[in-house]
Structures are given as structure tokens and as C-alpha cells.
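Let's take a stroll through a protein and see what sits around its ligand. Keep the 3D view open while you read.

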Amino acid sequence: MKLNYAENIAFYETGDGSNTLINKTTNETYHSKHGAVQESMHVFIKMGLEFVLRQGHRPLRILEVGFGTGLNALLTADYNCIEPIVYHALEPFLVPLEIINNTNYTRFLNQKHLKDYLTEQYKKQTELENNPMTLYLGNCEVEIFNTPLEDFKTDFRYDLIFYDAFSRHSQQEMWEGELIQKVVSLMADGGVFVTYSVTGNLKRAMKELGLITERMQGAPGKREMLRAIKPKP
Ligand SMILES: C[S@@+](CC[C@H](N)C(=O)[O-])C[C@H]1O[C@@H](n2cnc3c(N)ncnc32)[C@H](O)[C@@H]1O
């Protein structure tokens, strides 16, 4: 997959007034057209972050697959957990600073300064060509790895996975086989995986890898989403 942001990508206003990006070639959006913030809040914060915090995972290690515009990292930092969070994110096609600058997420955050913190640090880190980039958003330490899931190497095992890849329709390989095995291998025992959609294939693949799967109420405008838990031995 090749991507030229200037040529292929435009802003798109979603149903809740928050903006997202649309790939003009594939017509794929980075978030739900019904509402970008609404979807991220439901899938990743409510069904993911709040769930693992209730389960008592501390300190929390999160892996996001597909950092994109940084919306999920901002909402996680805005949740204002008392405990520090280690937040690793993978993004092979880093979104250019001008686009990150022009998302309208500030108005959806309780801590209005977070978006500026993200933009300022993203600017410095991209100028330095750091990989990973390290950004501090409140008590959330965010490391963005400019690498695809298939090439990512780490000794970390994560308590929570935000799986925010493009849909099966445009990136089928992200939803089956080796990449699902890889992401499951990166989960800690007791770790939780959340994603915005669910298919029979994905559920089956997860079950075969020993996970307990739950179809959950989807974000507004979507019927279902998936949460899967890696049982403790
Ligand atoms: C649905 S968008 C994610 C939206 C993002 N979480 C946000 O809040 O803006 C999917 C993202 O996955 C990235 N991506 C594509 N291939 C990938 C891969 N092999 N590994 C990790 N991320 C990938 C895309 O570049 C894109 O930014």
C-alpha cells in the first residue's frame, strides 16, 4: 500500500461534528462517518480503557495499531487516569504535521491543552526524524513507532490493544492469519483487545488462538464491535 497524503487524503466532517480523514482513492475513512469522536469514545475508551481499569491492570500498557491522527491517544490522555499509562502506537504512514494541526479535536477534549501538546511535540520529533517519537500527554507516555505491525519487535506485552486498522475491505491481511497471530502474541495474559467491527472470521481466528470473544454493542450507527480477552493460564 502506498500513500501520498497531499494527493490522496482530505478532511471529512463526521456526524458528531468531529473531523476525520478520507482516502480519496479507496473512499476509506479513518473513523466512522457517523462520528469519529463518538466511535473512538465508545470502542476504545468505554469498552477498552474503562474495562481494563475496572479489572485493575496497573500500570497500564496500551498498544494501538494505526496511530493515524492521534485521536485515540488524545482521548486516552484526556481520560485522566491517576496511574501512568505507557502507550505504544504503530503507524507506517505518519500523518503530516499540517493535518494533525488541523483536526478539530480540541473542542471535544476536557483538557483543551492536550491537542497543542500533541502538535508541538509531534513537530519537534518529526523534525528530529526520531523513531520512535516520544510524546508526553499528561500522564500518558506515547511512543509512536514508524513501522507496520508485521515488522514491529518488542519485549513488551500489552494489557490493552486498540486495533484500529483500516477495514477488511481495503486491508484484508490485517484481519486474519499472521497479523492476528502477531497481535495476539503481543498481548499480556489477561490482556484485552478491542476493535470497531466484528466478522465471523475474526472471531473464529481469535477463538483458535485461545481468546474469549464477546460481540458488543457497536458505536452509534454500527451494530457490533469485538472485545476479546486472553485468559490467564
Ligand atoms: C482507521 S486508520 C486509524 C485511525 C487512527 N487511530 C486515528 O485515530 O486517526 C488506520 C491506520 O492504520 C495505519 N496502517 C496501515 N497499515 C498498517 C500496518 N500494517 N500496521 C499498522 N498500522 C497500519 C494507516 O496508515 C492508518 O493510519
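The largest pocket holds about 590 Å³ of space. Keep in mind that this is a predicted model. How can anyone find a space that holds no atoms? Rolling a probe the size of a water molecule over the atoms shows where empty space is left.

So who lines this pocket? There are 35 lining residues, and those nearest the centre of the largest pocket are Gly66, Asp164, Ala165, Phe166 and Gln171. Sort the lining by class and you get 16 nonpolar, ten polar and nine charged residues. If you prefer to think in elements, β3 and α3 each give at least two residues to the lining of the largest pocket.

Now for the guest. Where does the ligand sit? You'll find the ligand in the largest pocket. It has 22 residues around it, and the closest are His31, Gly66, Thr69, Glu91 and Asp164. This shell splits into eleven nonpolar, seven polar and four charged residues. β3, running over 60–65, and α3, over 71–78, turn up here too, with at least two shell residues from each.

Which protein atoms meet nitrogen atoms of the ligand? The table lists some polar contacts to look up in your viewer.

| Residue | Part of the residue | Distance to a ligand nitrogen atom |
|---|---|---|
| Gly66 | backbone N or O atom | 2.7 Å |
| Leu149 | polar backbone atom | 3.0 Å |
| Gln171 | polar side-chain atom | 3.0 Å |

How much of the ligand does the protein cover? On its own, the ligand has 600 Å² of accessible area, and the protein covers 98% of that. Gly66 is worth finding again in the view: it is among the residues closest to the ligand, and it is also one of those nearest the centre of the largest pocket.

Let's finish with some backbone details in the loops. Which residues does the cis peptide bond join? It links Asn131 and Pro132, with omega at about 0°. Pro132 belongs to the loop between α5 (113–127) and β5 (133–137). Glu129 is found in the loop between α5 and β5 as well, and it has a positive phi of about 55° although it isn't a glycine.

Another loop has a detail of this kind. Asn27 lies between β2 (19–23) and α2 (36–55), in the loop there. Its phi is near 65°, a positive value in a residue other than glycine.

Terms used: Residues are numbered from 1 along each chain as its sequence is written. This is a predicted model: local features need pLDDT of at least 70, side-chain atom pairs count only at pLDDT 80 or more; totals for chains, interfaces and linings use all residues. Side-chain values use heavy atoms; hydrogens and water are left out. A residue is near a molecule or strand if one of its heavy atoms lies within 4 Å of it. A polar contact is a pair of N or O atoms within 3.5 Å; within protein, one must be able to donate a hydrogen and the other to accept it, and residues adjacent in sequence count only if both atoms are side-chain atoms. Accessible areas come from the Shrake-Rupley method with a 1.4 Å probe; for residues, only the protein chains shown count as cover. On a 1 Å grid over the protein atoms alone, a cavity is a set of points where a 1.4 Å probe fits but cannot get out, and a pocket is an open set with protein on both sides within 12 Å along at least five of seven lines; lining residues have an atom within 4 Å of a point. A molecule sits in a cavity or pocket if more than half of its atoms lie within 2 Å of its grid points. Helices (H or I, at least four residues) and strands (E, at least two) are DSSP runs, numbered from the N terminus. Ala, Val, Leu, Ile, Met, Phe, Trp, Tyr, Cys and Pro count as nonpolar, Asp, Glu, Lys and Arg as charged, and the others, Gly among them, as polar. Grid points are joined across faces, edges and corners, and a volume is the space filled by probe spheres set on the points.
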